[in-house]
Amino acid sequence: MTTVIIHKNSDGRYKGFLCMGHAGYAKRKLFGREPDILCSAISALVIGTINALDELAGEKLKVVENEATGFIQCDFESTLQEKSVFLVDALVFSLENLSREYGAQYLQIKFEEV
């Protein structure tokens, strides 16, 4: 299962997020040899958002990742610009939709105050 934790401060402002684990959606099939489309979708959303925050919005980020374990953490080093908040809102919206469509047993979205 993949778990995505969205970090916000007490004012509700985004501080970062982390994504960990492999969805395991493809393993539900009899032989489990198909590519995991859910894991691919999650990765594309998370990495795409990080790249957009960095390259398009110019945000300062601290990113740690481990591809083998499916771990990626992105911390925001300052308060996000309005356009960047929109990018993270879009990430959360898309991940929540995937969780509803494929099931919470494969993808869970959580919010934590930091």
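Here a trainee and a mentor talk through a predicted model and the reasons behind some of its labels.

Trainee: Let's start with one residue. Why is His7 called buried?

Mentor: Buried means a relative accessible area under 20%. His7 has 10%, so the label buried fits. The residue sits in strand β1. Leaving out residues up to four places away in sequence, His7 touches Arg13, Tyr14, Lys15, Gly16, Phe17, Leu18, Glu112 and Val114.

Trainee: Phe17 is on that list. What makes Phe17 and Phe76 an aromatic pair, and why is the pair called edge-to-face?

Mentor: Good one to work through! Ring centres must lie within 6.5 Å, and planes over 60 degrees apart count as edge-to-face. For Phe17 and Phe76 the centres are 6.1 Å apart and the planes meet at 65°, so both conditions are met. By this rule the count comes to one aromatic pair.

Trainee: Which parts does the pair tie together?

Mentor: Phe17 belongs to strand β2 and Phe76 to strand β4, so the pair links parts that are 59 residues apart in sequence. Both Phe17 and Phe76 are buried.

Trainee: Which residues touch the most other members of the largest nonpolar core?

Mentor: Phe17, Ile42, Val46 and Phe76 do, in a core of 26 residues. Each of β1, β2, α1, β4, α2 and β5 supplies at least two residues of this core. The largest share, six residues, comes from α1. Beyond its neighbours within four places in sequence, Phe17 has contacts that include Val46, Ile50, Ile72 and Leu91.

Trainee: Now for helix α2. How do you know that its span is close to the expected one?

Mentor: α2 has 21 residues, and the expected span is 1.5 Å times one less than that number. The expected value is 30 Å, and α2 reaches 30 Å from its first C-alpha to its last.

Trainee: Which residues of α2 are buried, and how do you know that they are on the same side?

Mentor: The buried ones are Ser84, Val88, Leu91, Val92, Leu95, Leu98 and Ser99. They cover an arc of only 125° around the axis, which puts them on the same side of α2. Those buried residues pack against β1, β2, α1, β4 and β5.

Trainee: And which residues are exposed on the other side of α2?

Mentor: There you find Glu82, Phe86, Phe93, Arg100 and Glu101. To be called exposed, a residue needs over 50% relative accessible area.

Trainee: What follows α2?

Mentor: Gly103 does, and its phi is positive, near 115°.

Note on methods: Residues are numbered from 1 along each chain as its sequence is written. This is a predicted model: local features need pLDDT of at least 70, side-chain atom pairs count only at pLDDT 80 or more; totals for chains, interfaces and linings use all residues. Side-chain values use heavy atoms; hydrogens and water are left out. A nonpolar core is a set of buried Ala, Val, Leu, Ile, Met, Phe, Trp, Tyr and Cys residues joined through side-chain atoms within 4.5 Å. Buried means under 20% relative accessible area, exposed over 50%, partly exposed in between (1.4 Å probe, protein chains only). Helices (H or I, at least four residues) and strands (E, at least two) are DSSP runs, numbered from the N terminus. Contact means heavy atoms within 4.5 Å. The arc is that of the directions from the helix axis to the C-beta atoms. Rings of Phe, Tyr and Trp (its six-membered ring) pair if their centres lie within 6.5 Å; planes under 30 degrees apart count as stacked, over 60 as edge-to-face and the rest as tilted.
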